[in-house]
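This briefing is meant for someone meeting the structure for the first time. Please look over the sequence and the model below, and then follow the notes, which are grouped by topic.

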Amino acid sequence: MMEPVVIDGSLLEGGGQTLRISSALSAILGVPIRIHSIRAGRSTPGLRPQHLTGLNLIKNLTNGSMEGGSIGSTEITLKPGQIGGGEFSVDTKTAGSITLIIQAVLPCLLFAGKRSVIKMKGGTNVDMAPPIGDYLTDIFSSFAKRFGIHFSCKVIRRGFYPKGGGEVDLTVEPIKQLSCVTLDKAQTIQCVNGVSFVAGTIPIRVANEMASSATLKIQNSLGKIPVRISQYNDDKAFGNGTAIILSCETTDGMLLGGTGLGKPRTPASQVGQEAADELIESCSRKVCLDQYAQDQVIIFMALADGVSRVLVGPLSLHTRTAIHVTSQLTGVNFDVIDLKTQPETFIIQCKGMGFVNTQL
């Protein structure tokens with residue numbers, strides 16, 4: 001039996017990113033791993049429900065084994081088998097982010113032996129994670145398709161902190177091999193679209209205020225480009241919540257995102273402005289991938305066949321962590337090129353390993 005690759009969970013971001021990337025690559029490459037100092041950089045170290053749910057799902061997908069799989073555990077050993085695919089159901093029983101679970105399992109399902117359907121319960125719009133509706137289903141999927149990735153993510157109902165209760169059906173088609181991507185040209189803004197919604201007992205005027213403040217901020221910063229933000233009451237959601245998700249479409253067909261999540265005692269206008277600020281930061285730098293997308297493409301770039309290049313803004317700690325863990329497990333080297341002509345704009349580049357799904 002191969003000795004597990006030892007991964008230090010305290011390095012760089014020191015949170016769940018190390019778990020997500022390493023467990024996915026462990027399953028895909030068939031390499032056992034031991035992760036210690038899990039989430040050492042967090043106020044509550046160790047596994048939380050969403051992390052354990054994702055790890056157990058990967059273990060079950062591969063018919064593998066895991067040691068240390070309990071809430072609060074700071075060390076786990078994962079020994080994967082072959083990725084089988086099929087139908088599975090998971091429930092965090094909290095508002096743990098479904099999006100972050102998908103970030104871990106989607107790469108695995110691409111290299112399964114058959115189509116997979118995962119029924120998931122948890123939080124869809126929660127703090128410290130991209131929202132599953134609108135961002136994952138529209139923005140993430142738009143650049144994932146460029147790698148040859150095809151999936152559908154049906155939001156049955158949204159769920160918010162603290163109870164969760166959201167329901168999502170994820171369907172993934174396996175792929176023989178990922179394609180490399182070249183997304184390195186400066187982008188020109190064409191228009192901004194978005195949704196602003198409320199759920200539960202929160203009045204619709206809150207959605208209107210978020211949309212109005214976001215529109216004003218965007219047009220003051222980026223000029224009089226078309227801005228269309230629909231507002232509605234999501235009467236299917238579980239619990240009270242508010243959110244705004246914006247997307248900027250470029251002339252090359254790229255989508256950049258910005259999100260805002262309502263919180264108690266935070267004015268609706270401030271939430272709208274925060275979403276607009278995120279969007280403006282990406283648009284003003286004319287990048288191809290926003291701050292949420294840059295770390296998510298690292299694993300796909302490493303597995304793809306050929307050289308990939310992506311134009312991004314300042315590298316987040318999540319992205320640096322993704323590069324570190326991915327390089328450790330795949331041996332792929334990443335180059336980060338500082339474009340001196342554009343402030344805080346970079347090219348991330350690598351030659352992928354050309355991993356092949358031998359089950360297809």
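Glutamine 294 is found in helix 7 of this model, which is predicted. With a relative accessibility of 2%, glutamine 294 counts as buried, because residues under 20% are placed in that class. Glutamine 294 is also among the residues that the unreviewed UniProt entry annotates as "binding site", and the notes below begin with the surroundings of that set.

**The annotated binding site**

- Leaving out residues up to four places away in sequence, glutamine 294 touches Leu289, Val312, Gly313, Pro314, Leu315, Ser316 and Thr319.
- According to the unreviewed UniProt entry, the annotation "binding site" covers Gln103, Tyr292, Ala293, Gln294, Asp295 and Gln296. These residues span 194 residues in sequence, yet no two of their C-alpha atoms are more than 12.7 Å apart, so they gather at one spot.
- From this annotated set, Gln103, Asp295 and Gln296 also belong to the lining of the largest cavity.
- Tyrosine 292, another member of the annotated set, lies in the loop between helix 6 (268-285) and helix 7, and with a relative accessible area of 18% tyrosine 292 is buried.
- When residues up to four places away in sequence are not counted, tyrosine 292 touches Pro130, Tyr135, Thr259 and Glu278. With one of these residues, threonine 259, there is a polar contact between the two side chains, at 3.0 Å.

**The cavities**

- How many cavities of 30 Å³ or more does the structure hold? The structure holds two of them, and the volumes are about 130 Å³ for the largest and about 90 Å³ for the second largest.
- The largest cavity is lined by 14 residues, and those that lie nearest its centre are Ile21, Gln103, Pro107, Gln296 and Ile299.
- Several helices contribute to the lining of the largest cavity, since helix 1 (16-29), helix 3 (98-110), helix 4 (132-144), helix 7 (293-296) and helix 8 (298-303) each supply at least two residues. By class, this lining has nine nonpolar, three polar and two charged residues.
- The second largest cavity is lined by Leu19, Arg20, Ser23, Gln50, His51, Gly54, Leu55, Ile58, Leu100, Ile101 and Ala104. The elements that give two or more residues to this lining are helix 1, helix 2 (49-61) and helix 3.
- Which helix gives the most to the lining of the second largest cavity? Helix 2 does, with five residues.
- The residues lining the second largest cavity divide by class into six nonpolar, four polar and one charged.

**A pocket**

- The second largest pocket has a volume of about 180 Å³ and is lined by 14 residues, of which Ala27, Ile28, Gln82, Phe355 and Gln359 lie nearest its centre.
- The lining of the second largest pocket is made up of eight nonpolar and six polar residues, with no charged residues.

**A buried serine in helix 1**

- Is serine 26, which is found in helix 1, buried or exposed? With a relative accessible area of 0%, serine 26 is buried.
- Leaving aside neighbours within four places in sequence, serine 26 is in contact with Val31, Pro32, Ile33, Leu78 and Pro80.

**Backbone features in loops**

- The peptide bond that runs from tyrosine 161 to proline 162 is cis, with omega near 10°, and proline 162 has its place in the loop between strand 7 (151-157) and strand 8 (166-172).
- Leucine 12 has a positive phi of about 55° although it is not a glycine. Leucine 12 is found in the loop between strand 1 (5-8) and helix 1, where leucine 12 is partly exposed, with a relative accessible area of 43%.
- Serine 37 likewise has a positive phi, of about 55°, although it is not a glycine. Serine 37 lies in the loop between strand 2 (33-36) and helix 2, and at 28% relative accessibility serine 37 counts as partly exposed.

Conventions: Residues are numbered from 1 along each chain as its sequence is written. This is a predicted model: local features need pLDDT of at least 70, side-chain atom pairs count only at pLDDT 80 or more; totals for chains, interfaces and linings use all residues. Side-chain values use heavy atoms; hydrogens and water are left out. On a 1 Å grid over the protein atoms alone, a cavity is a set of points where a 1.4 Å probe fits but cannot get out, and a pocket is an open set with protein on both sides within 12 Å along at least five of seven lines; lining residues have an atom within 4 Å of a point. Grid points are joined across faces, edges and corners, and a volume is the space filled by probe spheres set on the points. Helices (H or I, at least four residues) and strands (E, at least two) are DSSP runs, numbered from the N terminus. Ala, Val, Leu, Ile, Met, Phe, Trp, Tyr, Cys and Pro count as nonpolar, Asp, Glu, Lys and Arg as charged, and the others, Gly among them, as polar. UniProt positions are given in the numbering used here, feature names are shortened, and annotations may be inferred rather than shown by experiment. Buried means under 20% relative accessible area, exposed over 50%, partly exposed in between (1.4 Å probe, protein chains only). Contact means heavy atoms within 4.5 Å. A polar contact is a pair of N or O atoms within 3.5 Å; within protein, one must be able to donate a hydrogen and the other to accept it, and residues adjacent in sequence count only if both atoms are side-chain atoms.
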